Amino acid sequence: MLMPKRVKYRKLQSSPRIKGYAKGSTEINWGEYAIKALEPKWITARQIEASRITIVRYLKKKGKMWIRIFPDKSITKHPAETRMGKGKGDPEHWVAVVKPGRIMFEIEGIDDATAEEIHQRVSARLPIKTKLIKRQSF
């Protein structure tokens, strides 16, 4: 599963709201098709891995895939049945902060029908609405 090798601080301050649109990673750089986020949400490392496995199954060594998001934010939690206080809990899992307009996955080497099928399968594994976009050829 994806997680940083090293971090400066194990426990980050988590902001309760994610507002605004993505600043970068809003255009297709490498692939022919891309899956774009339409809502703000934290995407966990497990959800990214489930999406990656789904895409790889449909590519079948024909195409290529790029993952454009990385879970670099730690989410902490106290153990069950623990009293209040005693400081911040231990890191439980890692998430990627995704804002609207962010390109999450890029794919190339497939046809339109396969790309649409991949998008439907991947969007079922993600907690946000997504959109399939195609590179504009000039």
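Helices and strands here are DSSP runs, numbered from the N terminus. With that settled, I read the chain from start to end and got β-β-α-β-β-β-β-α-β. That makes two helices and seven strands.

**Entry 1: confidence**

I'm working with a predicted model, so I looked at pLDDT before anything else. The chain averages 92, and 99% of its residues come in at 70 or more. Ranking the elements, I found strand E1 (residues 33-37) at the top with a mean of 97. Strand E4 (residues 73-77) has the lowest mean, 92.

**Entry 2: whole chain**

I ran the principal axes on the C-alpha trace and got spans of about 60 × 30 × 25 Å. Accessible surface came out at about 9700 Å², and carbon and sulfur atoms own 50% of that. Of the 138 residues, 32% count as buried.

Next I checked the contacts with a separation of 6 or more. Residues 24 or more positions apart make up 80% of them.

Then charges. I counted 31 positive side chains and 14 negative ones. The centres of the two sets sit 8 Å apart.

**Entry 3: helix H1**

I picked Thr54, which is in helix H1 (residues 45-59). Buried or exposed? Its relative accessible area is 6%, and the cut-off for buried is under 20%, so Thr54 is buried. What does Thr54 touch, once neighbours within four places in sequence are set aside? I get Arg121, Val122 and Arg125.

Still in H1, I looked at Arg52 and Glu49. Their side chains form a salt bridge, 2.7 Å from N to O. The two are separated by about one helical turn, because they are three residues apart in helix H1. Arg52 is partly exposed at 29% relative accessible area, and Glu49 is partly exposed too, at 23%.

**Entry 4: helix H2**

His119 was my next stop; it belongs to helix H2 (residues 112-125). At 11% relative accessibility it falls under the 20% limit, so I logged His119 as buried. Beyond four places in sequence, His119 is in contact with Ile35, Thr130, Lys131 and Leu132.

I then went after the H2 salt bridges. Glu117 and Arg121 meet through their side chains at 3.0 Å, N to O. Both are in helix H2, four residues apart, which is about one turn of the helix. Glu117 has 25% relative accessibility and counts as partly exposed. Arg121 is partly exposed as well, at 36%. I'd already met Arg121 in the contact list of Thr54.

Lys134 and Asp112 make another bridge, with the closest N and O atoms 3.5 Å apart. This pair ties distant parts of the chain together: Lys134 is in strand E7 (residues 130-134) and Asp112 is in helix H2, 22 residues away. I have Lys134 as partly exposed at 43%, and Asp112 as partly exposed at 46%.

How many salt bridges are there by this rule? The count is four.

**Entry 5: the segment before E1**

Tyr21 sits in the segment before E1. Relative accessibility is 68%, and exposed means over 50%, so Tyr21 goes down as exposed. Even so, Tyr21 touches Lys99 and Pro100, not counting residues up to four places away in sequence. I also took the C-alpha to C-alpha distance to Ile69: Tyr21 and Ile69 are 15 Å apart in space and 48 residues apart in sequence.

Ser25 is in that segment before E1 too. Its phi is near 55 degrees, a positive value in a residue other than glycine. Ser25 counts as partly exposed, with 26% relative accessibility.

**Entry 6: another positive phi**

Where is Lys86? I found it in the loop between E4 and strand E5 (90-98). Phi for Lys86 is positive, about 65 degrees, although the residue is not a glycine. Its relative accessible area of 79% is over the 50% mark, so Lys86 is exposed.

Terms used: Residues are numbered from 1 along each chain as its sequence is written. Side-chain values use heavy atoms; hydrogens and water are left out. pLDDT is the predictor's confidence in each residue, from 0 to 100. Buried means under 20% relative accessible area, exposed over 50%, partly exposed in between (1.4 Å probe, protein chains only). Contact means heavy atoms within 4.5 Å. Accessible areas come from the Shrake-Rupley method with a 1.4 Å probe; for residues, only the protein chains shown count as cover. Lys and Arg count as positive and Asp and Glu as negative; His and the chain ends are not counted. The place of a charge is taken as NZ of Lys, CZ of Arg, CG of Asp or CD of Glu.
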